[in-house]
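Here are some exercises to work through with the model open beside you. Try each task before you read its solution.

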Amino acid sequence: MKTGTLSRPAAKDQIHGGPMAGRTVLVTGGSGGIGRATALGLAAMGAHLAITGRDRGRTEAAAREIRAAGGGPVDVFVADLSSQSQVRRLAGEVLQSLPRIDVLVNNVGGYWNTRHVTADGLERTFALNHLAPFLLTNLLLDRLQHSAPARVVTVSSNVQAIGRIDFEDLQGERSYSGARAYNQSKLANVLFTYELARRLQGTCVTASALHPGVVRTSFGAEDPGRVQRLFTPFMRHFMKAPAQGAATSIHLASAPDLEQVTGRYFAGSKPKRSAKRSYDQAAAARLWQVSADLVGLTAAGIATSARPSRAS
Ligand SMILES: NC(=O)c1ccc[n+]([C@@H]2O[C@H](COP(=O)([O-])OP(=O)(O)OC[C@H]3O[C@@H](n4cnc5c(N)ncnc54)[C@H](OP(=O)(O)O)[C@@H]3O)[C@@H](O)[C@H]2O)c1
């Protein structure tokens, strides 16, 4: 993937009090783990932060910490992003509250060893890790474009390298494995990012994906596999701290020299080639179409309610 060249950015607000002053950043999953550390880092750089979480208490507690780090306001939004109606409500609340969005960090993601079904009848890993950022980004796209130069940063994983998109069984109905579902969703994050970058050429909104490293968080704790249960307590000592895991997200959200860099995958704050499969434009276009159908996104925009979803 080559770096895209975008047309000249509009003038930004005057920068006071830090390199990100005057910029508004929305981080999904800012209540814990890598997302909270990302929000803390960007707040310390002067950004106006908005975070999302599932639980109001946890999200407010994180917001207090982030306010202390940055000194500025922190907006709190509460939604379960595995539910499409909650993603739509969240987008509506964000559009009401935030007159600009300079950076959207699609950070929420999870791993489940056993198959779970969402309120929409979809497999949870696919729904939360891929469909939620797909829908939220599309719902916020106009606001991002009006705030341009703007960035969409999506947290993937190095397991994208071993992921496969099984279009015949996207929801793991015929056969489910937590690892397969997770790897597929993280490859989907990269395919989505590259397709988004192609669709946004010439708009001054960039799209990047990243691997944060192996990080000491609550990741996978709700429904861990046997191997995770046995090894994670020992492995935790060797994992990165959340602040280290947030470094690449913070870099992609803030580095001035990345303002016109789009359609790239990063690890360790450096561009890196992603899996060969992630450059398959036909697969990316097909995944976009399937995802659009599942969330009720039409070519003309967003349908008022998602089509009845089915596990396909
Ligand atoms: N940790 C790693 O080693 C690692 C490696 C590669 C990639 N990643 C990726 O990094 C991202 C962040 O993971 P993490 O390690 O920070 O995980 P984490 O500690 O489990 O944090 C996940 C965040 O997402 C929120 N969340 C979870 N389920 C949600 C839902 N249904 N609706 C709304 N919010 C929800 C959590 O909110 P609550 O406070 O309510 O739990 C929390 O804020 C994920 O995309 C993950 O795939 C992580």
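**Exercise 1.** Is Ser-269 buried, partly exposed or exposed, going by its C-beta neighbours inside 10 Å?

*Solution.* Before we start, note that this is a predicted model, where local features need pLDDT of at least 70 and side-chain atom pairs count only at pLDDT 80 or more, while totals for chains, interfaces and linings use all residues. Residues are numbered from 1 along each chain as its sequence is written.

Step one is the rule: a residue is buried if 20 or more other C-beta atoms (placed from the backbone) lie within 10 Å of its own, exposed if 12 or fewer, and partly exposed in between. Step two is the count: Ser-269 has 14 C-beta neighbours inside 10 Å, so it counts as partly exposed.

To place Ser-269, look in the loop between strand S7 (264–267) and strand S8 (270–272). Helices (H or I, at least four residues) and strands (E, at least two) are DSSP runs, numbered from the N terminus.

**Exercise 2.** Find what is unusual about the backbone at Ser-269, Cys-204 and Pro-149, starting from the positive phi of Ser-269.

*Solution.* Start with the background: most residues other than glycine have a negative phi, and most peptide bonds are trans.

- Ser-269 isn't a glycine, yet its phi is positive, about 60°.
- Cys-204 isn't one either, and its phi is positive at about 70°. Cys-204 sits in the loop between helix H5 (178–199) and strand S6 (205–211). Cys-204 is buried, because 20 other C-beta atoms lie within 10 Å.
- The peptide bond from Ala-148 to Pro-149 is cis, with omega near 5°. You'll find Pro-149 in the loop between H4 and strand S5 (150–155).

**Exercise 3.** Check the length of helix H3 (residues 84–97), then work out which residues it buries.

*Solution.* First, the length. The expected span is 1.5 Å times one less than the number of residues. For the 14 residues of H3 that gives 20 Å, and the end C-alpha atoms are 20 Å apart, so the two agree.

Next, the buried residues of H3: Gln-84, Val-87, Arg-88, Leu-90, Ala-91 and Val-94. They cover an arc of only 160° around the axis (taken from the directions from the helix axis to the C-beta atoms), which puts them on the same side of H3. The face turned away from that side carries the exposed Gly-92 and Gln-96.

Finally, the partners. The buried residues of H3 pack against elements including strand S2 (48–53), helix H4 (124–146) and helix H9 (281–295). Two residues are in contact if their C-beta atoms, placed from the backbone, lie within 7 Å.

**Exercise 4.** Repeat the check for H9.

*Solution.* The 15 residues of H9 should span 21 Å, and the end C-alpha atoms are 21 Å apart, which agrees. Buried here are Ala-284, Leu-287, Ser-291, Leu-294 and Val-295. They cover an arc of only 90°, which puts them on the same side of H9. On the other side, Gln-281 and Ala-282 are exposed. The cover over the buried residues of H9 includes H3, H4 and H5.

H9 also holds Trp-288. Trp-288 is partly exposed, since 19 other C-beta atoms lie within 10 Å. Just after H9, Gly-296 takes a positive phi of about 80°.
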